[in-house]
Amino acid sequence: MSEKVCEVKNLTYLYPKSDKGVKNVSLYVNKGSIVGLLGESGCGKSTLAKCISSQLIPQSGEIVCQKIGYIFQDNYASLNPAKRVGWLLKETIKYGNPEKFSEYEKRIKNILEDVELDESVLEHYPSELSGGQRQRIGIAMALLSNPDILIADEPVSALDVTVQKQVIKLIKKLNERKNLAILFISHDIKVVREICNYIYILKDGELIEEGDSEDLFTNPSNEYTKNLLDSSYLE
Amino acid sequence: MKKIKLNNQKKAGIIIVVIMIAFVLLGFLNKNPFDLMNKDLILKGPSFSHLFGCDEFGRDILKRTQTGMGISVAISVFSVLIGTFFGTIIGALCGYFGGIVDEILSSIIDVLFAVPSLLLALVFVSLFGSGYLQVTLALGIAIIPSFAKMMRSEFKKQRELEYVKMAKLLKIPTARILFVHILPNVTETFLNCVFIAFNNCILAEAGLSFLGIGVQPPLASIGTLLSDGGGYIRRAPYMVFFPALTLILLLFGIGLLSSGESFHHAYSKRFKD
């Protein structure tokens, strides 16, 4: 049986003066697996991710997770625009993985190789890079703190299709090479099918269906999931 | 090294400010004291030996204007430093933390903000006496509220951005997030506030000294020179004209520096337009 790196039990978070949020959600992510969290915009996917990563404090429920790395959706806003990429990576090691700070130059070199970027990006400001390069830097920063689980909150939704493919390929490669658990959040069914082993479907803040990727896509049991799949452009 | 592209307003501002700084510094070449009196030169008009003329005590107005400008600028620089330091800290704490911290500090700032800065400075000077130290402190305290308000709104905007959330996830100390991560992103507003506050301080100092509660004689400041010259405006208009001209030029130069495209944009393309 695989080791659980993250488990959420009966988590509820409702935004103040609203019934929006996530309600009684339970899920887990095993080591080395890519788990998808799929649902339409506004269904609570990012809220759940924020609760898991302690950006929001849930009203009830339990979260037991090992070290978390976080990839944000907006690759521009997630990188400090006033700092060079080299500084950002160094700062991430300094606070995310301080015991390795003495060898930060080596760590930065290795991580750039992992995310397939050239060392010349270190001298650039984020705005001087392309969307794909910025997202790779975002992934590199998430990896530098040596996480056990990576939460990828719509990591490719702001990218064009060709760059999306490259980033998905990269995430898959990192998952295989580092046996890293990934919670992949997306509203894009195609992308989720491409990358995830196991999928949770979220609707109006509640989990309505879950299952192995291929089972769920070929034989959905919930009416909403069927409609969701029908409305996509899957062949 | 990146090439800095400045707009024409900023270029003109830099030229004027550099000229005014040079004007003040050139005063050090003139070894005569600024309060040297000469009964033979009383109310003597501008000449080659005394370019700005002489005042009612036969003192060289050029030397006094250079000294006075230097004192006015020094008072304003230190006042802005005081206002910037405390205003930025208070604004950063209010904007970043929000909640009860924001409510308490913002209420205090709002009360201070409701009182005009010059009036606040007047109250301070009347409580603690006149003199350049008191004026510097009074003006510094008077500009804290406006600085804090501007910085509060900037930090409030920034705290919602994902790079700040990323920093929080990494458990970077709050002080570092505030002043190493966020502050460089608000320099555009920060610098504009500094320039505006500097101009306001120069004017306020001139106003306080003009009223006789700022810099005290025999020290000179632009305000005291205008005040002294006011009594002789018909007989010796140059006593007011030259100090007023230097004051206007300095204010104009600083005003131009704070206008148009920010220095940040000019220096780098790192910020999205």
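Is Ser33(A) buried or exposed? In this predicted model, Ser33(A) turns out to be buried, because 20 other C-beta atoms sit within 10 Å and the cut-off for calling a residue buried is 20 or more. The residue belongs to the loop that links strand 2 (21-30) to strand 3 of chain A. Leaving aside residues up to four places away in sequence, Ser33(A) touches Ser2(A), Ala181(A), Asn197(A) and Tyr198(A). Asn179(A) is worth a look too: 146 residues separate it from Ser33(A) in sequence, yet the C-alpha to C-alpha distance is 7.8 Å.

Stepping back to chain A as a whole, the secondary structure adds up to 8 helices and 9 strands. The C-alpha atoms take up a box of roughly 50 × 40 × 40 Å along the principal axes. For 235 residues, a compact globule would be expected to have a radius of gyration near 18 Å, and chain A agrees, with 18 Å. Of these 235 residues, 44% are buried. Among contacts with a separation of 6 or more, 70% are between residues 24 or more positions apart.

Now for the sheet. Chain A has an open sheet of 6 strands, ordered 5-6-7-3-8-9, and the pairing is mixed. Strand 5 (68-71) and strand 9 (206-212) of chain A are the edge strands; each has a single partner strand, so one side of each has no neighbour in the sheet. On average, neighbouring strands of this sheet are turned by 20 degrees against each other, direction ignored. Strands of a sheet pair through backbone hydrogen bonds, in either a parallel or an antiparallel way. Strand 6 (residues 149-153) and strand 7 (residues 181-186) of chain A go for the parallel option, with 5 bridges joining them. Within this pair, Ile151(A) stands opposite Leu183(A) of strand 7. Helix 1 (residues 45-52) of chain A packs on the sheet, where it touches strand 3 (34-38), strand 5, strand 6, strand 7 and strand 8 (198-203). The direction of helix 1 makes about 150 degrees with that of strand 6 of chain A.

Over in chain B, helix 10 (residues 238-257) gets a quick geometry check. At 1.5 Å a residue, its 20 residues should span 28 Å, and the end C-alpha atoms are indeed 28 Å apart, so the two agree. Its buried residues include Tyr238(B), Phe242(B), Pro243(B), Leu250(B) and Leu257(B). The buried residues of helix 10 pack against helix 1 (8-26), helix 2 (61-97), helix 8 (187-210) and helix 9 (222-230) of chain B.

How values were computed: Residues numbered from 1 in each chain as written. Chains lettered and ligands numbered in written order. Predicted model: local features only at pLDDT ≥ 70, side-chain atom pairs only at ≥ 80, totals over all residues. Helix = DSSP H or I, 4+ residues; strand = E, 2+ residues; numbered from the N terminus. Expected span 1.5 Å × (residues − 1). Buried ≥ 20, exposed ≤ 12 C-beta atoms within 10 Å, placed from the backbone. Contact = placed C-beta atoms within 7 Å. Rg over C-alpha atoms; globule rule 2.2 N^0.38 Å. Pairing = 2+ DSSP bridges. Axes fitted to C-alpha atoms, helices over the stretch in contact; angles between N-to-C directions.
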